[in-house]
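Hi everyone, thanks for making time this morning. I'd like to walk you through one structure, beginning with its ligand and then moving on to the strands. Let me put it up on the screen.

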Amino acid sequence: MDYYRQSSLKNYNSFKTEATAKIFCQPTSVAELRQCLSDYPDEKKLIIGGGCNLFFTKDFDGLVIHPQIKGLREISDDEEEDEDIFLEVNASEDWDEFVAYCVERGFVGIENLSLIPGTVGAAPIQNIGAYGAEVKDVIREVVAIDMETGESVSFSNVECEFGYRDSIFKRTNKYCIISVVFHLKRTFVYTPKYFDLNKELEDIDEPTIKDVRDAVIRIRQRKLPDEKVLPNAGSFFKNPYITQEKADKIKADFPELPAFLQKDGSIKTSAAFLIDRAGYKGVRVGDIGTYPYQPLIIVNYGSSNGNDIVRFKQEIQKAVKDTFDIELEPEVRIF
Ligand code: EPU
């Protein structure tokens, strides 16, 4: 395995910000991963999967690891009879290729998560979600390497401490995920959960798993920019949770405020709506802007400086704070 010094990270973050890594390597096995951890015990470490949910404002003074650990194994031992399917997938497999693999074989549970960029190993970190589904609902186990000891640690679903776009792996910088065990099903029944998706499928009597994947892909292609054409990192902020009282107050001026009552009595509202009504839909400042069809996405029209993105995100946060008294929290990680 080669080590590269002062290596550019521009092609390893989907926002295309420029920064260098003091040391950069691409282990292709768990043994190589352990090797680089023990070669550089005292360096700060950063793991990059697809690089679709982070960007840089400065050079990284440490070891950047871009694992290339691939492979997939069906654990279930019988052929067609068992309703439950268990698959162990290595972290560097492409997420959407894995979804396509499952949909082709009729393995049910992740079709709503079609076309999300990134790797399988990144999926649990921020508990990816879309169209009423979250990956936490199909994860049985996550296997990771403790970056201090080099030991392998297994996390049950509960031990991953999943939350909305959150997990133990997002809150600590201690683990490098090497594989994920998924628990999928064979029986598919379409359950309407999400307005946009229901609408897309309204002409089909009994949608199949393939219909759902195709519909999700069509919606995403309409609403979300392709990072290869217009660099971005998906939703930039999390959807905020507010009190009922605050929701009522906002509704006096904005009756159409999306408001979803949660089990704990709080209200989940839409960051896209708040940004839109604060006047930041399709706004461009220099080379950074919000996407005209989905203002929750910040897009990069040509800057290589991550600080430009930070300045623009602060401008949006201020506008939303001034208009609604709500603090938007970034979903994307900033280094
Ligand atoms: N809206 C506006 N103006 C707009 C667009 C949207 O007011 O221009 C409002 C509408 O009220 C709409 C609502 O925002 O009903 C929600 O919009 P959308 O269905 O596009 O979903 P979202 O809440 O903005 C979340 C995820 C996306 C995921 C979609 C679909 C987060 C932070 N984002 O976005 O995930 O694809 O739902 O399920 O939870 C990502 O995390 O990177 C991501 C793209």
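Let's begin with the make-up of the shell around the ligand: by class, it has 10 nonpolar, six polar and eight charged residues. Before I go further, please keep in mind that this is a predicted model.

Altogether, 24 residues surround the ligand. The closest are Tyr 131, Tyr 164, Tyr 194, Ser 270 and Lys 281. If you're following along on your own screen, those five are good names to click on.

Now, which domains give residues to this shell? Domain 2, residues 72-185, and domain 3, residues 232-334, both do, so the ligand lies between them.

We can also sort the shell by secondary structure. Strand 8 (129-130), helix 5 (209-223), strand 13 (232-235), helix 7 (271-280) and strand 19 (294-300) each supply at least two of its residues. Helix 7 gives the largest share, with four residues.

What about polar atoms? Let me pick out three places. At Tyr 131, which is also among the closest residues, a backbone N or O atom lies 2.7 Å from an oxygen atom of the ligand. With Arg 165, a polar side-chain atom is 2.8 Å from a ligand oxygen. Glu 331 likewise has a polar side-chain atom 2.8 Å from an oxygen atom of the ligand. As for how covered the ligand is, taken alone it exposes 830 Å², and the protein buries 80% of that.

Let's stay with two of those shell strands, because strand 13 and strand 19 are also part of an open sheet of four strands, in the order 13-19-18-17, with antiparallel pairing. Strand 13 and strand 17 (284-285) stand at the edges with a single partner strand each, so one side of each has no neighbour in the sheet. Further in, strand 18 (residues 288-291) pairs with strand 19 in the antiparallel sense over four bridges. To find that pairing on screen, look for Tyr 291, which stands opposite Gln 294 in strand 19.

There is another open sheet of four strands, with the order 1-2-5-3 and mixed pairing. Its edge strands are strand 1 (4-8) and strand 3 (44-47), and each of these pairs on one side only. On average, neighbouring strands in this sheet are turned by 45 degrees against each other, ignoring direction. Within it, strand 2 (residues 20-25) and strand 5 (residues 60-65) pair in the parallel sense over four bridges. Here Ala 21 stands opposite Phe 60 in strand 5.

One last stop is a hairpin. Strand 10 (residues 139-146) and strand 11 (residues 152-156) pair in the antiparallel sense over five bridges, with Ile 145 opposite Ser 152 in strand 11. The hairpin has five residues between the strands, and Gly 150 takes a positive phi near 80 degrees.

That's my tour, and I'm happy to take questions.

How values were computed:
Residues numbered from 1 in each chain as written. Predicted model: local features only at pLDDT ≥ 70, side-chain atom pairs only at ≥ 80, totals over all residues. Heavy atoms only, no water. Near = heavy atom within 4 Å. Polar contact = N/O pair within 3.5 Å; in protein donor to acceptor, adjacent residues only side chain to side chain. Areas by Shrake-Rupley, 256 points an atom, 1.4 Å probe, with all protein chains shown as cover. Nonpolar A, V, L, I, M, F, W, Y, C, P; charged D, E, K, R; others polar. Domains from an automatic or database assignment. Pairing = 2+ DSSP bridges. Axes fitted to C-alpha atoms, helices over the stretch in contact; angles between N-to-C directions.
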